[in-house]
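Got the viewer open? Let's take a short walk through this one, selecting a piece at a time.

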Amino acid sequence: MEQGTIERDIHVNASPEVVFEVVSQPEHMREWWPDDARFESIAGAPGELVWRDGDTGETKTVALAVVEVDPPKRFSFRWCFTEPDRSGQALLVTFDLVPSGVGTLIRMTETGFRELGWEVAVLEEQYRDHENGWDHYMPRLGAYVARLVATP
């Protein structure tokens, strides 16, 4: 298994401008991905994503740093840093938005797994965890966009 890059594509019936807001603004992002998102959509801005365990109520906070903001084409950020101060190696998540017919092709790419220096077993576990995560959250992204554009 390669464990270097995860790619997921979905097509939505919404303009790249609408989709860009959904993937780059915390108030939209928390509707389909984390329980909370706190960041400014400005290159270099620090932020965090928060997930709550529904059973225990415990939270997990993951630091991020916005990398690229190019509306309505691309939004990217780094997360899962090897150092708590957002330094060292990190995974890079990029949302590329490509006009396609009456909608938008959303291509999510996550890279940097091997660069984190994890032992093979940890790398495989983290890669699988992220694959499963994107398999869960990308359809939620599509469903949220559909609800958003259906609302008068």
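In what order do the seven strands of the open sheet come? Show the strands alone and read across: β1-β7-β6-β5-β4-β3-β2, with antiparallel pairing. Keep in mind that you're looking at a predicted model.

Now colour β1 (5-12) and β2 (36-39). These two are the edge strands, each with a single partner, so one side of each has no neighbour in the sheet. While you're here, tilt the view: neighbouring strands are turned against each other by 20 degrees on average, ignoring direction.

Next, select residues 91-100 and 103-111. That's β6 and β7, an antiparallel pair joined by nine bridges. For one example of bridge partners, pick Val-93 and find Glu-110 in β7.

Time to bring the helices back. Start with α1, residues 16-24, which packs on the sheet and touches β1, β2, β4 (59-70), β5 (74-79), β6 and β7. Compare α1 with β6, and you'll find their directions make about 165 degrees.

Then go to α3, residues 120-150. This helix lies across β1, β3 (46-52), β5, β6 and β7, and runs at about 15 degrees to β1. From first C-alpha to last, the 31 residues of α3 reach 45 Å, close to the 45 Å expected at 1.5 Å a residue.

Which residues of α3 are buried? Try showing side chains: among them are Leu-123, Tyr-127, His-130, Trp-134, Tyr-137, Met-138 and Leu-141.

Last stop: select 13-145. UniProt, in an unreviewed entry, labels this span "domain: Activator of Hsp90 ATPase homologue 1/2-like C-terminal". The span is 29% helix and 36% strand, and its end C-alpha atoms lie 8 Å apart.

Conventions
Residues are numbered from 1 along each chain as its sequence is written. This is a predicted model: local features need pLDDT of at least 70, side-chain atom pairs count only at pLDDT 80 or more; totals for chains, interfaces and linings use all residues. Side-chain values use heavy atoms; hydrogens and water are left out. UniProt positions are given in the numbering used here, feature names are shortened, and annotations may be inferred rather than shown by experiment. Helices (H or I, at least four residues) and strands (E, at least two) are DSSP runs, numbered from the N terminus. Two strands pair if DSSP finds at least two bridges between them. Axes are lines fitted to C-alpha atoms, for helices over the stretch in contact, and angles run from 0 to 180 degrees between N-to-C directions. Contact means heavy atoms within 4.5 Å. The expected span of a helix is 1.5 Å times one less than its number of residues. Buried means under 20% relative accessible area, exposed over 50%, partly exposed in between (1.4 Å probe, protein chains only).
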